[in-house]
Amino acid sequence: HIRARKDVVVLEVTEECRDGLVDQLCRLLWTVLLGREAADEICQKLALARRYLPELPARLSPLQPPADDADGGGDVGGSAEWSFRGDHGAYAVRRQGGEGRPLRTCSCPFFGKRRVCSHILALDTALRNVH
């Protein structure tokens, strides 16, 4: 449970509410940092990303192996560029940057608006589970 005043937020963690606490806390932080409209949109994309997860093998195909992928295996963990078939079209998801925390970009319209999208959220979740 989250109780808030203008200057203080109290998180009460109980057995009944602990499973949903991370989502509630993320929504609160997004609302404070980005505003209610953006927070609502991102929460909707997160729910869509969770729906995409079990469907990921059918929705994702590698477009370009990374430069250091000599065999061109193109597995989800090794590809530098993917085609992600979303509900409204296919989008290019690219990995840029180094090993530690690479930056991902997506060609979908929502990514252009908010710099995050359901396609990247689903892919990042899947990659965290692989590594």
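A helix crossing counts as right-handed if the near helix is turned clockwise from the far one by less than a right angle. Keep that in mind for the second stop on this tour of a predicted model.

**Start with the whole chain.** Color by secondary structure and you should find five helices and six strands. Walking from the N terminus, the order is β-β-α-α-α-β-β-β-β-α-α. Of the 131 residues, 33% are buried. Switch on the surface: about 8600 Å² is accessible, and carbon and sulfur atoms account for 53% of that. As for contacts between residues at least 6 apart in sequence, 34% of them link residues at least 24 apart.

**Now select residues 18-34 and 36-52.** These are helices α1 and α2, packed at an angle of about 145 degrees with their axes 7 Å apart. Look at how one passes the other: α1 crosses α2 in the right-handed sense. To see what makes the contact, show side chains for D23, R27, W30, T31 and L34 on α1, then R36, A38, A39, D40, I42, C43, L46 and R50 on α2. Sorted by class, that set holds seven nonpolar residues, one polar and five charged.

**Next, jump to residues 81-86.** This is strand β4, and E81 is part of it. Is E81 buried or exposed? Its relative accessible area is 13%, and the cut-off for buried is under 20%, so E81 counts as buried. Which side chain does E81 meet in a polar contact? Add R94 to your selection: the side chains of E81 and R94 are joined by a polar contact of 3.3 Å.

How values were computed. Residues numbered from 1 in each chain as written. Predicted model: local features only at pLDDT ≥ 70, side-chain atom pairs only at ≥ 80, totals over all residues. Heavy atoms only, no water. Helix = DSSP H or I, 4+ residues; strand = E, 2+ residues; numbered from the N terminus. Buried < 20%, exposed > 50% of the residue type's maximum accessible area, 1.4 Å probe, protein only. Contact = heavy atoms within 4.5 Å. Areas by Shrake-Rupley, 256 points an atom, 1.4 Å probe, with all protein chains shown as cover. Polar contact = N/O pair within 3.5 Å; in protein donor to acceptor, adjacent residues only side chain to side chain. Axes fitted to C-alpha atoms, helices over the stretch in contact; angles between N-to-C directions. Nonpolar A, V, L, I, M, F, W, Y, C, P; charged D, E, K, R; others polar.
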